[in-house]
Amino acid sequence: WLTEEVRQLDDQFGAAQELVDLLREQAELETAVSKAEEVIVAQGQRPVVFIDGTMIFWILESKAPEVKSYFLTRYLASLEQLYKLRVPSVALISLPKSRELVSLLKLGLCRFMVANCIPCHSTYTTFPCKAVEQLIDAHVARTFLRRHERTTVFVNTSQISSEYPVHLRTHFCYLDVGQEIVRLELPAWVVDDQAAFDHVCQVVLDQSIKGG
């Protein structure tokens with residue numbers, strides 16, 4: 001069932017599971033596009049596509065260039081098709097462990113105008129940034145979000161995300177769904193379309209409340 005092109009990539013993997021994970025991601029995205037098209041034709045409505053896990057394809061950052069190119073091209077092609085269909089997509093991450101907001105706090109606490117860890121550690125014995133070392137973003141969001149509110153939107157600036165087309169580049173926010181803080185990752189075009197963005201958040205809340 002592997003194409004010849006994938007067979008040629010196979011020796012780049014130390015474990016078969018890595019290849020299976022990448023192929024599964026590709027299949028899930030392609031199926032999402034297919035199902036979205038079916039709903040549009042059958043119901044005349046545009047659904048919201050939920051992606052399992054992150055929309056930032058971190059797993060590709062450490063892969064060989066040919067592997068990265070092969071899969072990223074296909075992943076982004078699916079996201080591009082959803083964009084052309086004007087079908088909003090969202091990756092919902094339950095119990096997120098991300099620390100991007102914590103990194104902002106650490107910068108704010110830093111005694112330097114620009115973070116400069118090596119001179120700091122060689123000169124001082126106390127470090128203000130350590131005050132938030134044990135936190136994750138969900139802890140931070142919990143301190144100011146009210147029930148069913150979301151944070152402002154941030155753009156991810158990782159190396160892999162910077163390789164996406166501008167309109168597909170991953171943005172993220174945190175949303176209080178009642179029982180927990182979830183992380184939402186969305187392509188730029190959805191965030192820029194206020195009606196689509198609001199609709200996505202409403203659907204996420206609706207599904208979270210119904211599912212407990």
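# Close-up views of a predicted model

**View 1. Phe-71 and Tyr-75 are both buried in this predicted model.** The two residues belong to helix α3, where they stand 4 residues apart, or about one turn of the helix. In general, an α-helix has 3.6 residues a turn, so residues three or four places apart point the same way. Phe-71 and Tyr-75 also belong to one aromatic cluster, whose other members are Phe-57, Tyr-70 and Tyr-164.

**View 2. Aromatic pairs meet at Tyr-75, with Phe-57 as one partner and Phe-71 as another.** A search over the whole structure finds 8 aromatic pairs. In one of them, Phe-57 and Tyr-75 are tilted with respect to each other, with 4.6 Å from centre to centre and 50 degrees between the planes. This pair links distant parts of the chain, since Phe-57 is in the loop between β1 (49-52) and α3, while Tyr-75, 18 residues apart from Phe-57, is in helix α3 itself. Phe-57 has a relative accessible area of 3%, which is under the 20% limit, and therefore counts as buried. Tyr-75 is likewise counted as buried, because its relative accessibility is 1%. The pair of Phe-71 and Tyr-75 is also tilted, with 6.0 Å between the ring centres and 45 degrees between the planes.

**View 3. Helix α3 runs from residue 65 to residue 85 and has the span expected of its length.** With 21 residues at 1.5 Å a residue, the helix should span 30 Å, and its end C-alpha atoms are indeed 30 Å apart, which agrees. The buried residues of α3 are Val-67, Lys-68, Tyr-70, Phe-71, Leu-72, Tyr-75, Leu-76, Ser-78, Leu-79, Glu-80, Leu-82 and Leu-85. The residue that follows the helix is Arg-86, with a positive phi near 60 degrees. A positive value is found here in a residue other than glycine, and Arg-86 is placed in the loop between α3 and β2 (89-93). Arg-86 counts as partly exposed, because its relative accessibility of 37% lies between the 20% and 50% limits.

**View 4. Thr-151 and His-148 share the loop between α6 and β3.** In this view α6 covers residues 137-142 and β3 covers residues 154-155. Thr-151 is buried, with a relative accessible area of 4%. Leaving aside neighbours within four places in sequence, Thr-151 is in contact with Ala-141, Phe-144, Leu-145, Cys-173 and Tyr-174. His-148, by contrast, counts as partly exposed at 30% relative accessibility. Although His-148 is not a glycine, its phi is positive, at about 70 degrees.

**View 5. Helix α8, residues 194-211, has an end-to-end distance that agrees with its length.** The 18 residues of this helix should span 26 Å at 1.5 Å a residue, and the C-alpha atoms at its ends are 26 Å apart. Ala-196, Phe-197, Val-200, Cys-201, Val-203, Val-204 and Leu-205 are buried in α8. What covers these buried residues includes β1, β2, β4 (170-176), β5 (181-187) and α7 (188-192). Gly-212 comes after the helix and has a positive phi, near 75 degrees.

**View 6. The largest pocket has a volume of about 220 Å³.** The elements that give two or more residues to its lining are α4 (100-109) and α5 (117-123). The lining holds 15 residues, and of these Lys-106, Cys-110, Ala-115, Cys-117 and Cys-129 lie nearest the centre of the pocket. When the lining of this largest pocket is sorted by class, it has 9 nonpolar, 2 polar and 4 charged residues.

**View 7. The second largest pocket holds about 190 Å³ of space.** This second largest pocket is lined by Leu-92, Ser-94, Arg-147, Val-177, Gly-178, Gln-179, Glu-180, Val-182, Ser-208, Ile-209 and Gly-212. Sorted by class, the lining of the second largest pocket has 4 nonpolar, 5 polar and 2 charged residues. Gly-212, one of the residues that line this pocket, is also the residue that follows helix α8.

Conventions. Residues are numbered from 1 along each chain as its sequence is written. This is a predicted model: local features need pLDDT of at least 70, side-chain atom pairs count only at pLDDT 80 or more; totals for chains, interfaces and linings use all residues. Side-chain values use heavy atoms; hydrogens and water are left out. The expected span of a helix is 1.5 Å times one less than its number of residues. Buried means under 20% relative accessible area, exposed over 50%, partly exposed in between (1.4 Å probe, protein chains only). Contact means heavy atoms within 4.5 Å. On a 1 Å grid over the protein atoms alone, a cavity is a set of points where a 1.4 Å probe fits but cannot get out, and a pocket is an open set with protein on both sides within 12 Å along at least five of seven lines; lining residues have an atom within 4 Å of a point. Grid points are joined across faces, edges and corners, and a volume is the space filled by probe spheres set on the points. Ala, Val, Leu, Ile, Met, Phe, Trp, Tyr, Cys and Pro count as nonpolar, Asp, Glu, Lys and Arg as charged, and the others, Gly among them, as polar. Rings of Phe, Tyr and Trp (its six-membered ring) pair if their centres lie within 6.5 Å; planes under 30 degrees apart count as stacked, over 60 as edge-to-face and the rest as tilted.
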